[in-house]
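Here are some notes from going through the model, set out as numbered points. Keep the structure open alongside while you read.

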Amino acid sequence: MRIMGLFKKKPKPKVGGLALSGGGARGYAHLGALKAFDEAGLHFNIIAGTSAGSIVGALYSAGAKIEDIIDAAEVLDPKEIRTGPLFIPSPAQKIEDVMRRYLGNMTFDKLTKKFACVAVDLIEAKQVVLSEGVIARAVSASCAVPGVFRPVVIDGRHLVDGGVLNTIPSDVVRMMGADVVIAVDVNPTRGFGTSSLGMLDVLQACLRILTAQNAALGIAAADILVSAPLREFSASKKDGYLEMMEVGYNAAKAMIPNIKSALAL
């Protein structure tokens, strides 16, 4: 009698990684997604983030509890970060100062999880994956939205927001060793246009369209997409942050069975 088939080995769990998208204030939804993952017992040791995703990813990778990250986000005052008159870029140092409040001078090699954040080098016109040095400074570069913040100079490179080229860094997560990439996109409606002929509206629409194109590459490179619809919320204001976290939580919770299946859990 053949009995070998009765004792099939359970597939070995695969290594999962998180790609956390950019999205400005909509990044609050990342916190809700992480909370849903945590409640489901899903823990990831490979994380890459762009812009807002780099902030959340850095804190998560440093070993902070989800509740503590949410507490820090709740007391954050956007005025601490964005200073000065409209159309005059603020120093990205303000972002670095906020990150240093929680991480101090921590460097990437001291993290409990493998983490990288994405920026763009204006001199070389190419993506830069930051995974060495002081985390707070690297995150400030990843968040330095052109026109809103001044570029961050690191090792002679003039760095700006990674969303210019890679707003959903799924490819970076896979490059870092993940078998299964879960992308959390908090700005899925980023590519909308405009009927206005005003110069500022036209420029903003063009940037949104370009960003949507590189987001499509990040979505294609992911195995599972958690999409948090946040069109009604502003990317530049904290208003509604609790609702944004709830949207992220519900979007992630809905995908947990798919994630567990993909990870062979």
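How exposed is arginine 174, going by its relative accessibility? Arginine 174 comes out at 33%, which counts as partly exposed. Bear in mind that this is a predicted model.

1. Let's stay with arginine 174. Its side chain meets that of aspartate 223 in a salt bridge, at 2.9 Å from N to O. Arginine 174 sits in helix α6 (residues 170–175), while aspartate 223 is in the loop between α7 (199–221) and β8 (224–227), so the pair ties together parts that are 49 residues apart in sequence. Aspartate 223 is partly exposed too, with a relative accessibility of 44%.

2. How many salt bridges turn up in the whole structure? The search finds four. As general background, side chains of opposite charge can pair when their charged atoms come close.

3. Another of these pairs is glutamate 96 with arginine 137, where the closest N and O atoms are 2.7 Å apart. Glutamate 96 belongs to helix α4 (residues 93–103) and arginine 137 to helix α5, so this contact links parts that are 41 residues apart in sequence. The two ends have their own settings: glutamate 96 is buried, at 3% relative accessibility, whereas arginine 137 is partly exposed, with a relative accessible area of 29%.

4. On to arginine 190 and aspartate 185. Their side chains form a salt bridge at 2.6 Å, N to O. Arginine 190 and aspartate 185 are both buried. There is also a network to look at: Glu96, Arg100 and Arg137 are joined into one by salt bridges that share partners.

5. Aspartate 161 deserves a look of its own. This residue lies in strand β6 (residues 157–161). Is aspartate 161 buried or exposed, and which side chain of opposite charge is nearest? Aspartate 161 is buried but has no salt bridge, and the nearest oppositely charged side chain, that of arginine 190, is 9.8 Å away. A salt bridge here needs the nitrogen and the carboxyl oxygen to be within 4 Å, so a pair at that distance is not counted.

6. What does aspartate 161 touch instead? Setting aside neighbours within four places in sequence, its contacts include Thr50 and Ser51, Ala119 and Val120. The run Ala141, Ser142, Cys143, Ala144, Val145 and Pro146 is in contact with aspartate 161 as well.

7. Now the second largest pocket, which holds about 180 Å³ of space. Arginine 137, from the salt bridge with glutamate 96, is one of the lining residues. Others in the lining include Val128, Val129, Leu130, Ser131, Glu132, Ile154, Asp155 and Arg157. β4 (126–130) and α5 (135–142) each supply at least two residues, and β4 gives the most, with three. By class, the lining has six nonpolar, two polar and four charged residues.

8. Last, the enclosed space. How many cavities of 30 Å³ or more does the structure hold? There is one, and the largest cavity has about 30 Å³ of space. Leu34, Phe37, Asp38, Leu42, His43, Tyr60 and Ile66 line the largest cavity. Helix α1 (residues 28–39) gives the most to this lining, with three residues. By class, five of the lining residues are nonpolar, one is polar and one is charged.

Notes
Residues numbered from 1 in each chain as written. Predicted model: local features only at pLDDT ≥ 70, side-chain atom pairs only at ≥ 80, totals over all residues. Heavy atoms only, no water. Helix = DSSP H or I, 4+ residues; strand = E, 2+ residues; numbered from the N terminus. Buried < 20%, exposed > 50% of the residue type's maximum accessible area, 1.4 Å probe, protein only. Lys, Arg positive; Asp, Glu negative; His and termini not counted. Contact = heavy atoms within 4.5 Å. 1 Å grid on protein atoms, 1.4 Å probe; cavity = no way out; pocket = protein on both sides within 12 Å on 5 of 7 lines; lining within 4 Å. Points joined across faces, edges and corners; volume = space filled by probe spheres on them. Nonpolar A, V, L, I, M, F, W, Y, C, P; charged D, E, K, R; others polar.
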